[in-house]
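Visitor: I would be grateful for a close look at a single part of this protein, namely its pockets and the elements around them. Please set that part in the context of the whole model.

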Amino acid sequence: MAKSAGDLASVVSTALNKSFNLEAFKKSKYLDKTSFFKKQRWIPFSPAIQEALSIPGVPMGHVFIARGGSDTGKTTLMIETAVTAQKMGVLPIFIITEMKWDFEHASKMGFEIETTTSGENGDLIDYKGFFIYVDRSSLNSIEDVAGFISDLLNEQSKGKLPYDLLFLWDSSGSIPCAMSIEQGKNNPMWNAGAMATQFGNFINQQFPLSRKEKYPYTNTLFVINKTGVQPALTPMSQPRMTNKGGNAMYWDASIVVTFGNVTNSGTSKISAQKDGKKVEFAKRTKISIDKIHADCGVATSSTVIVTPHGFIPDTKEAEKDYKKAHANEWFGENVDADKLIIVEDNSEWDESKNLSPTISIDTESEE
């Protein structure tokens, strides 16, 4: 039976494929090394967060987001990450645009800082060490933040900053764009547009690029993203968490960790009480992975306890050990920690109590 033209073409094509050297072609076009990536490294979480989220830590060479309500543990996670990075020789770079930063708190959690005083009465404090710190005194807009990050990455490429870099931004959504400043109005659409232009189209791409073999350093971006709430659109739907400043950061992030609930903090306050004195020493918070890149692990959710010294597991044993270690700080020497009364306020724990149709909208979270 005679072969058809199609069959003959297939035979010829197969013969050509067998004689063709694809690797030689790649080499001739300088494409033979474009797929080289470094082995994935992590900036480890504390054991309590590793257990809660089932991932080792913040993946280096990625964009990582911690989001959620106020006072739910986001900054604690950022500081813990900075402490570990410092020990690894990864340079922490703090970009503080929300201006709630406290060096003393970071030091209490193990961040290494040198403190000096100056001025006539020693009333000026300078903090030095293996880190870089900038805030709203020099960064006034989204464009300023993007320019600052770009400048340091450029200095690194010139060999003037010879470290792996960890940028820690607290927080995205807390700063307007240049146009909002110029026009004297904090316009959410302009801000979201600036975030998409400055970060989504350029800055955020520089971090995964640093995972390539040809780049001598690996750079990471840890972002705290402020959030808002969009009410339920129909009687049968639920309110939705929104990201202030738009979704550019969210879409580019490899991992997004959410603290608390959608409509409230999702925390319960844990206090110790003795002789009429009440000391809030921890919070139980909900924590979950809302987005995770395929090669970083699986999405999990759990609870963890936040303390001024970092995270501890959500267990009675861990709570008891922490109380015993710090009871003297709260109530003086020789206090019997085992006799302290523990009180827990669960008023912000149950989200269902807050699902009312009159819930307010944070309009700045809308694009």
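Guide: The account below turns from the reliability of the model to the largest pocket, then to a helix and a strand that contribute to its lining, and finally to the other spaces.

The structure is a predicted model. Its mean pLDDT is 89, and 90% of the residues reach 70 or more. One stretch calls for reserve: over residues 356-367 the pLDDT stays under 50, and for this stretch the model has 28 contacts beyond four places in sequence.

The largest pocket encloses about 780 Å³ of space. Five elements each give two or more residues to its lining, namely helix 4 (74-88), strand 8 (165-172), strand 10 (227-230), strand 14 (277-292) and strand 15. Strand 14 gives the most, with 5 residues. In total 36 residues line this pocket, and those nearest its centre are Gly-69, Ser-70, Asp-71, Thr-72 and Lys-74. By class, the lining of the largest pocket holds 18 polar, 10 charged and 8 nonpolar residues.

Helix 4, one of the contributors to that lining, merits a description of its own. Its 15 residues reach 21 Å from the first C-alpha to the last, close to the 21 Å expected at 1.5 Å a residue. The helix is mostly covered, with 11 of its 15 residues buried. The buried residues of helix 4 are Lys-74, Thr-76, Leu-77, Met-78, Ile-79, Glu-80, Thr-81, Ala-82, Val-83, Ala-85 and Gln-86. Lys-74 thus appears twice in this account: among the residues nearest the centre of the largest pocket, and among the buried residues of helix 4. Helix 4 is followed by Gly-89, which has a positive phi near 85 degrees.

Strand 15 is another element that gives two or more residues to the lining of the largest pocket. The strand covers residues 301-307 and includes Ile-305. With a relative accessible area of 1%, Ile-305 counts as buried, because that value falls under the 20% cut-off. Leaving aside neighbours within four places in sequence, Ile-305 is in contact with Ile-270, Ala-282, Lys-283, Arg-284, Gly-310, Phe-311, Ile-312, Pro-313, Asp-314 and Glu-319. Of these partners, Ala-282, Lys-283 and Arg-284 are numbered within strand 14 (277-292). Phe-130 is a more remote point of reference: its C-alpha atom is separated by 28 Å from that of Ile-305, and the two residues are 175 apart along the chain.

The second largest pocket has a volume of about 270 Å³. Its lining comprises 14 residues, of which Leu-153, Gln-156, Ser-157, Tyr-215 and Asn-219 lie nearest its centre. Helix 6 (142-157) and helix 8 (188-209) each supply at least two lining residues, and helix 6 has the largest share, with 5. This lining divides into 7 nonpolar and 7 polar residues, with no charged residues, whereas that of the largest pocket includes 10 charged residues.

There remains the enclosed space. The model has 1 cavity of 30 Å³ or more, and about 60 Å³ of space lies in the largest cavity. Lys-38, Lys-39, Gln-40, Arg-41, Met-60, Arg-211 and Thr-218 form its lining. By class, these residues are 4 charged, 2 polar and 1 nonpolar.

Key. Residues are numbered from 1 along each chain as its sequence is written. This is a predicted model: local features need pLDDT of at least 70, side-chain atom pairs count only at pLDDT 80 or more; totals for chains, interfaces and linings use all residues. Side-chain values use heavy atoms; hydrogens and water are left out. On a 1 Å grid over the protein atoms alone, a cavity is a set of points where a 1.4 Å probe fits but cannot get out, and a pocket is an open set with protein on both sides within 12 Å along at least five of seven lines; lining residues have an atom within 4 Å of a point. Grid points are joined across faces, edges and corners, and a volume is the space filled by probe spheres set on the points. Ala, Val, Leu, Ile, Met, Phe, Trp, Tyr, Cys and Pro count as nonpolar, Asp, Glu, Lys and Arg as charged, and the others, Gly among them, as polar. Helices (H or I, at least four residues) and strands (E, at least two) are DSSP runs, numbered from the N terminus. Buried means under 20% relative accessible area, exposed over 50%, partly exposed in between (1.4 Å probe, protein chains only). Contact means heavy atoms within 4.5 Å. pLDDT is the predictor's confidence in each residue, from 0 to 100. The expected span of a helix is 1.5 Å times one less than its number of residues.
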